[in-house]
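Here is a short colleague's note for someone opening this model for the first time. Please keep the structure in view while reading the points.

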Amino acid sequence: RMRSCYEQMDEVITHEVNIVRTMLNLAQEKAANLTWVEAKPATNNDGVVVIVTSERSNFLARQTIRDTWAATSNSSVFFFMGSECDIPHYSRKNEKCIRDEDASRWSSDDESYVHGNNKTANGILYEQSLYRDLYVSDLPEAHKEAEAYGMKAAYKWIVERAAPKARWIVRASDQMYVRLRALEEMLATNFSSIDGDQPIIIGEIVNRSEVWKEGPWADPDYAADFYPPWPKGSCGQVVSRPVASFVAQHFDKLYHYQGSDTSLAIWLDDFNVTVDFRNDMNGFKNDNDCFQQEALMVGYELMADKLRECFDNDVSTGTTVAPNKSAEQFVLFNDDIM
């Protein structure tokens with residue numbers, strides 16, 4: 001009989017889980033003799049730098065990105081994630097990494113959760129030793145403010161340490177496909193005469209959206225009825241260095257609102273920063289249709305197998321075979337997986 005789309009999806013997910021499990025088992029052997037090293041600086045300090053928001057456990061997504069769209073360009077691609085939280089989600093208080101005293105006490109489930117956290121931490125340590133492209137925030141990814149704080153920390157790290165002269169910072173997620181070479185060409189063509197000190201945000205720009213007062217997207221700490229213009233994160237976005245520098249300069253003064261994208265808009269508005277918003281709904285999309293060749297960034301729920309399929313059908317790369325940018329390192333994973 002013909003398999004349903006749900007059965008096919010389950011098969012893909014199971015395949016990915018098995019690969020990640022093998023990667024983690026290999027990492028446990030090697031991590032004991034490793035210490036954390038900082039990510040290496042950007043290779044093209046004055047050009048385009050990409051930051052990819054990633055969950056700690058998404059090893060396969062990160063590896064797939066390294067071997068597909070990130071390998072099409074010399075622009076540096078960094079992965080940003082929160083630190084670990086050793087308290088299971090069902091025992092946390094107010095969506096923070098704090099134990100709720102009214103929740104269940106320490107149990108075998110907690111022990112299993114901590115064991116899984118340790119395996120993930122070792123995997124990340126091993127991964128960093130191979131690629132040096134990870135940045136780990138000091139705020140646990142389980143924290144409800146991790147998204148806004150992580151964006152702040154990422155921009156601050158880029159402009160102060162990794163790439164102080166970067167002209168553009170691209171922000172994506174690990175479930176997003178980026179036509180990086182085409183994106184670079186667009187920026188070079190359309191903005192070559194633009195003043196480098198101009199705050200610019202490019203993406204799908206949302207204007208005059210209502211502030212939710214209740215529900216899952218409620219923003220109770222923002223009093224206005226409508227948000228300032230903001231870039232829809234699920235479509236990806238590009239900011240000029242002055243935007244990231246503004247965030248770094250005012251880091252400790254910026255309050256964490258409900259989402260990172262709306263937070264950025266509020267911060268810029270509160271400080272009366274004049275931003276040149278460039279709305280590009282054809283280039284920045286969140287419909288998961290990566291086969292549209294005009295789309296520069298496509299989100300937002302593309303798993304590893306889909307990312308590879310996107311790459312194989314991407315005419316902008318000039319090749320249909322993923323260039324193994326890090327073949328020597330990747331084989332440490334790949335030989336044991338396959």
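How many cavities of 30 Å³ or more does a search of the whole structure find? The points below begin with that.

1. **The cavity.** The model is a predicted one. A search of the whole structure finds 1 cavity of 30 Å³ or more. The largest cavity holds about 30 Å³ of space. Its lining is made up of W69, T72, V178, R179, L180, R181, D314, S316 and T317. By type, the lining residues of the largest cavity split into 3 nonpolar, 3 polar and 3 charged. Keep W69 and V178 in mind, since both are in this lining and both return below.

2. **The chain overall.** The chain has 338 residues, and 49% of them count as buried. It contains 9 helices and 14 strands. Take the contacts in the chain with a separation of 6 or more: 74% of them are between residues 24 or more positions apart.

3. **Two nonpolar cores.** Nonpolar side chains tend to be buried together in soluble globular proteins. Here the largest nonpolar core has 40 residues, and W69, L183 and L187 touch the most other members. Helix α5, residues 180-190, gives the most to this core, with 5 residues. A second, separate core has 37 residues, among them V243, V247, L254 and L268. W69 thus appears in the largest core and in the cavity lining.

4. **What does L187 contact, beyond its neighbours within four places in sequence?** The contacts of L187 are V48, W168, S192, I202 and V238. Two of these, I202 and V238, stand opposite each other in a strand pair, with V238 in β11.

5. **Strand β8.** In a regular strand, side chains alternate between the two faces of the sheet. Strand β8 covers residues 200-203. I200 and I202 point one way, I201 and G203 the other, and all are buried. β8 pairs with strand β12, residues 276-279, in the parallel sense over 4 bridges. In that pairing, I200 stands opposite D276. β8 also pairs with strand β11, residues 237-240, this time in the antiparallel sense over 3 bridges.

6. **A three-stranded sheet.** Look next at an open sheet of 3 strands, in the order β7-β14-β13, with mixed pairing. β7 (177-178) and β13 (284-285) are the edge strands; each has a single partner, so one side of each is left without a neighbour in the sheet. β7 and strand β14 (residues 297-298) run antiparallel and are joined by 2 bridges. V178 has M297 as its bridge partner in β14. V178 also lines the largest cavity.

7. **Is helix α2 enclosed or open?** Helix α2 spans residues 59-67, and 9 of its 9 residues are buried, so it is largely enclosed by the rest of the structure. Check the buried list: F59, L60, A61, R62, Q63, T64, I65, R66 and D67.

8. **A buried loop proline.** P228 sits in the loop between β9 (205-206) and β10 (230-231). P228 is buried, because its relative accessible area is 11% and the cut-off is under 20%. Leaving out residues up to four places away in sequence, P228 touches V206, Y222, A265, I266 and D269. P228 and D269 are 41 residues apart in sequence, yet 6.8 Å apart in space, C-alpha to C-alpha.

9. **Backbone points to check.** Most residues other than glycine have a negative phi, and most peptide bonds are trans. The peptide bond from G299 to Y300 is cis, with omega near 5 degrees. Y300 lies in the loop between β14 and α8 (304-312). N272 has a positive phi, near 55 degrees. N272 belongs to the loop between α7 (260-270) and β12, and N272 is exposed, with a relative accessible area of 66%. N288 also has a positive phi, near 65 degrees. The loop between β13 and β14 holds N288. N288 is partly exposed, with a relative accessible area of 24%.

Conventions
Residues numbered from 1 in each chain as written. Predicted model: local features only at pLDDT ≥ 70, side-chain atom pairs only at ≥ 80, totals over all residues. Heavy atoms only, no water. Core = buried A, V, L, I, M, F, W, Y, C linked by side-chain atoms within 4.5 Å. Buried < 20%, exposed > 50% of the residue type's maximum accessible area, 1.4 Å probe, protein only. Contact = heavy atoms within 4.5 Å. 1 Å grid on protein atoms, 1.4 Å probe; cavity = no way out; pocket = protein on both sides within 12 Å on 5 of 7 lines; lining within 4 Å. Points joined across faces, edges and corners; volume = space filled by probe spheres on them. Nonpolar A, V, L, I, M, F, W, Y, C, P; charged D, E, K, R; others polar. Pairing = 2+ DSSP bridges.
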